[in-house]
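Q: Here is a model that I would like to go through one part at a time. Please take a close look at one loop residue and then at what lies around the same part of the chain.

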Amino acid sequence: MQLSPAEQAAMVLDGEAIRLGDSIVSVATAIAVDHRIGALPFAPEQHVTLSHSLAAWLHGLGAYPRWLDMIVQDHQRHGIPRDARVRVRRHRLDLAEDTEVRSGVRLTSPLRTALHLITDHECDREALTSAMLLAGGPDVLLDALRCAPRLQPLIRERGLSRLRSGQPLVTL
């Protein structure tokens, strides 16, 4: 079935598809990290770290996000993409420990991404499931929450509470 350019544009805007070169691909079938990074609606600069649900999607363990989350180092504001879905987060990161570079783009490591998801105020069952998968299981995530540096006590407690009471979409 051939889609019109307007239908393709609508699918991309709705987050159902991503652009790969001259064509579009369903977000569910973009498996390779390189394809996912290449399909971003912007080119992240070096001082930007992609995080939260966007990083989970790039790692292959989350749905394509409604918000495109990023962390900006050293409070730099230039180079932030002009996309209505971009959300700049404030977190302190140890770049060597908390991030990795994939295809020239910096994103939070799987464990740091899991910590961001589980402590976020928008954490739902899908985010909880992604966090557990990214961390390698609920026990690993629990240990990481208990001993993670740079986590404020109230945020740490929010994550622990969610982990104790939350119901993931799948049982791990």
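Is Asp 120 buried or exposed, and what is its relative accessible area?

A: This is a predicted model, in which local features need pLDDT of at least 70 and side-chain atom pairs pLDDT 80 or more, while totals for chains, interfaces and linings use all residues. Residues are numbered from 1 along each chain as its sequence is written, and side-chain values use heavy atoms, without hydrogens and water.

Asp 120 has a relative accessible area of 10%, so it is buried (under 20% is buried, over 50% exposed, in between partly exposed, with a 1.4 Å probe and protein chains only). Asp 120 sits in the loop between H5 and H6; helices (H or I, at least four residues) and strands (E, at least two) are DSSP runs numbered from the N terminus. Leaving out residues up to four places away in sequence, Asp 120 touches His 52, Arg 89, Arg 158 and Arg 162, where contact means heavy atoms within 4.5 Å.

Helix H5, residues 110-119, is mostly covered, with eight of its ten residues buried. Among them are Arg 112, His 116 and Thr 119.

Leu 115, also buried in H5, belongs to a core of 19 residues, together with Ala 56, Leu 134 and Ala 148, among others. A nonpolar core is a set of buried Ala, Val, Leu, Ile, Met, Phe, Trp, Tyr and Cys residues joined through side-chain atoms within 4.5 Å. The largest such core is a separate one. It has 21 residues, and those touching the most other members are Phe 42, Leu 50, Leu 54, Trp 57, Leu 58 and Met 70. H3 gives the largest share of this core, four residues. Met 70 has contacts that include Phe 42, Leu 50, Ile 80 and Arg 89, not counting residues up to four places away in sequence.

Trp 57 is buried, at 1% relative accessibility, and Tyr 64 is buried at 14%. Their ring centres are 4.8 Å apart and the planes stand at 85 degrees, so the pair is edge-to-face. The rule pairs rings of Phe, Tyr and Trp (six-membered ring) with centres within 6.5 Å, and calls planes under 30 degrees apart stacked, over 60 edge-to-face and the rest tilted. The count by this rule is one aromatic pair.
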